[in-house]
Amino acid sequence: MSDLFYQIADNRPVRVFDDRMVILDIGNSKREEIAEVLSVVSLCGPKAVAIDVNFELPGESDSLLLESLSSLPALVLPLGVRQEGERFAVADKPFFYDELKNVSYGVVNFPTDHPGATVREYARSFPMKEGGRLLSFPEAVAKQAGYKVDLSDDTRGVPTGIISYHSKEIMTIPFDQLIDRAEELTDKIVLVGTTVEAGDVYSIPLRRGVSGLEIHAYSLSTILDGVELERLPGYIATIIAVVICFLMVLGAVTIKSGMRGLILRIAQVLTLYLLVRVGYSMFVDHNIVSDFSQAILMIAFGLFSVDLWNGTVALIDMIRKKVISHKEKRLAMKRI
């Protein structure tokens with residue numbers, strides 16, 4: 001239901017410009033170019049700077065890079081983690097990890113089941129193997145920017161939030177335009193990274209081919225908006241699906257009218273409309289995301305199973321009648 005709403009709502013002319021953040025697209029810049037860009041950013045008076053670039057290996061321009069990073073206010077750098085049982089361990093980190101002062105780190109992993117999955121949620125924090133929790137990248141950025149972040153003490157899993165994608169515009173500045181547009185970074189959260197890296201492209205409910213940096217921006221915007229979307233518990237959706245299936249089958253068995261097929265089809269369409277309408281209202285009016293896929297399948301396959309049953313019974317009855325008729329003809333021939 002949220003995917004459907006996002007796709008419809010995003011096509012409306014009404015859009016919201018998020019002026020709290022700016023994406024600074026560095027493209028395929030080399031390390032020394034990135035260091036120069038960061039030096040300019042530090043002079044623009046940003047509220048916070050988050051860099052979604054992992055300098056995993058040392059290079060020739062490290063001194064310039066470290067100097068530029070040290071000059072940035074409220075800096076957030078990325079970490080990658082791998083799951084080990086129910087907890088996580090740091091897998092990808094900058095070569096200068098824990099060497100810079102006044103720096104926060106955020107986990108850039110998305111909470112998806114497999115790499116090609118559509119990203120609908122952002123992680124809040126990750127329980128670490130060595131103890132404690134690490135904030136996700138957007139949560140760490142929000143905290144560095146002075147927003148209140150609720151870090152749960154629950155160590156059983158990864159708490160998530162649902163990303164609000166629709167009807168939003170986030171400013172993106174290519175690095176070669178930075179000098180001319182430097183004033184647009186003042187008092188903004190600056191997200192530094194690339195939107196063109198082939199290995200960092202994902203699908204979202206609105207479209208495919210979205211960079212991880214843009215998804216972090218949408219996640220951060222959702223956090224700053226204070227939007228708390230909740231999921232309808234799975235067992236409630238299952239109960240609704242079972243009830244719908246039961247009512248469909250009950251109607252198919254009890255209705256004796258010759259218009260039974262038409263009545264059931266009308267009930268099928270009305271139930272489908274009701275599900276969509278209720279799901280839309282729950283999402284828009286109450287911030288509840290519902291998954292009625294099971295119920296929709298029950299609407300379709302509930303009647304389909306009845307049709308299969310009735311068809312099978314009719315076929316067996318027809319075969320039985322033909323067999324009986326054939327036997328009666330053979331007996332009649334013998335009497336003659």
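Lys129 sits out in the open in this predicted model, exposed with a relative accessible area of 54%. Its salt-bridge partner is Glu84, with the closest N and O atoms 2.7 Å apart. That pairing reaches across the chain: Glu84 belongs to strand β3, Lys129 to the loop between β7 (125-127) and β8 (133-135), and 45 residues separate them. Glu84 counts as partly exposed, at 27% relative accessibility.

The count of salt bridges comes to 11. Here are three of them, with their N to O distances.

| Pair | N to O distance |
|---|---|
| Glu84 and Lys129 | 2.7 Å |
| Arg31 and Asp62 | 3.1 Å |
| Asp225 and Lys168 | 3.1 Å |

Take Asp225 and Lys168, whose side chains meet in a salt bridge. Asp225 lies in helix α5 and Lys168 in strand β10 (residues 168-174), so the pair ties together parts that are 57 residues apart in sequence. Lys168 is buried, with a relative accessible area of 9%, while Asp225 is partly exposed at 38%. There's a wider network here too: salt bridges with shared partners join Asp18, Arg20, Lys168 and Asp225.

Ser221, another resident of α5 (residues 212-225), touches several of these residues. Beyond its neighbours within four places in sequence, Ser221 is in contact with Asp18, Arg20, Met21 and Lys168. Its relative accessible area is 0%, so Ser221 is buried.

Now for the nonpolar interior. The largest nonpolar core has 36 residues, and Tyr165 and Leu191 are the ones with the most contacts inside it. At least two residues of this core come from each of α1 (2-9), β1 (16-25), β2 (48-51), α4 (137-144), β11 (189-193) and α5. Helix α5 gives the largest share, 7 residues. Leu191 shows how the pieces meet: leaving out residues up to four places away in sequence, it touches Met21, Val22, Ile23, Leu24, Ala50, Val141, Leu213, Ala217 and Leu220. Another core, of 30 residues, lies apart from this one, and its members include Val53, Leu100, Ala182 and Leu185.

Helix α3 (residues 62-70) has a buried side made up of Asp62, Leu65, Ser68 and Leu69. Seen down the helix axis, these buried residues fall within an arc of 130°, so they line one face of α3. An α-helix has 3.6 residues a turn, so residues three or four places apart point the same way. On the face turned away from the buried side, α3 carries the exposed residues Ser63, Glu67 and Ser70. The cover over the buried residues includes α2 (31-42), β2 and β3 (75-84).

Asp62 also has a charged partner, as its side chain meets that of Arg31 in a salt bridge. This one links helix α2, home of Arg31, to helix α3, home of Asp62, across 31 residues. Asp62 has 12% relative accessibility, under the 20% cut-off, so it counts as buried.

Further along the chain, Tyr235, Ile239, Val243, Phe246, Leu247 and Leu250 make a nonpolar surface patch of about 620 Å². One of them, Leu247, is found in helix α6 (residues 234-254). Ile255 is in the loop between α6 and α7 (260-286), where it is partly exposed, with a relative accessible area of 22%. Leaving aside neighbours within four places in sequence, Ile255 is in contact with Arg260, Ile263 and Leu264. Val323 is 68 residues from Ile255 along the chain, and their C-alpha atoms are separated by 30 Å.

Notes: Residues numbered from 1 in each chain as written. Predicted model: local features only at pLDDT ≥ 70, side-chain atom pairs only at ≥ 80, totals over all residues. Heavy atoms only, no water. Patch = residues over 30% accessible without salt bridge, like charges linked within 9 Å, V, L, I, M, F, W, Y side chains within 5 Å. Areas by Shrake-Rupley, 256 points an atom, 1.4 Å probe, with all protein chains shown as cover. Salt bridge = Lys/Arg side-chain N within 4 Å of Asp/Glu carboxyl O. Helix = DSSP H or I, 4+ residues; strand = E, 2+ residues; numbered from the N terminus. Buried < 20%, exposed > 50% of the residue type's maximum accessible area, 1.4 Å probe, protein only. Contact = heavy atoms within 4.5 Å. Core = buried A, V, L, I, M, F, W, Y, C linked by side-chain atoms within 4.5 Å. Arc of directions from axis to C-beta.
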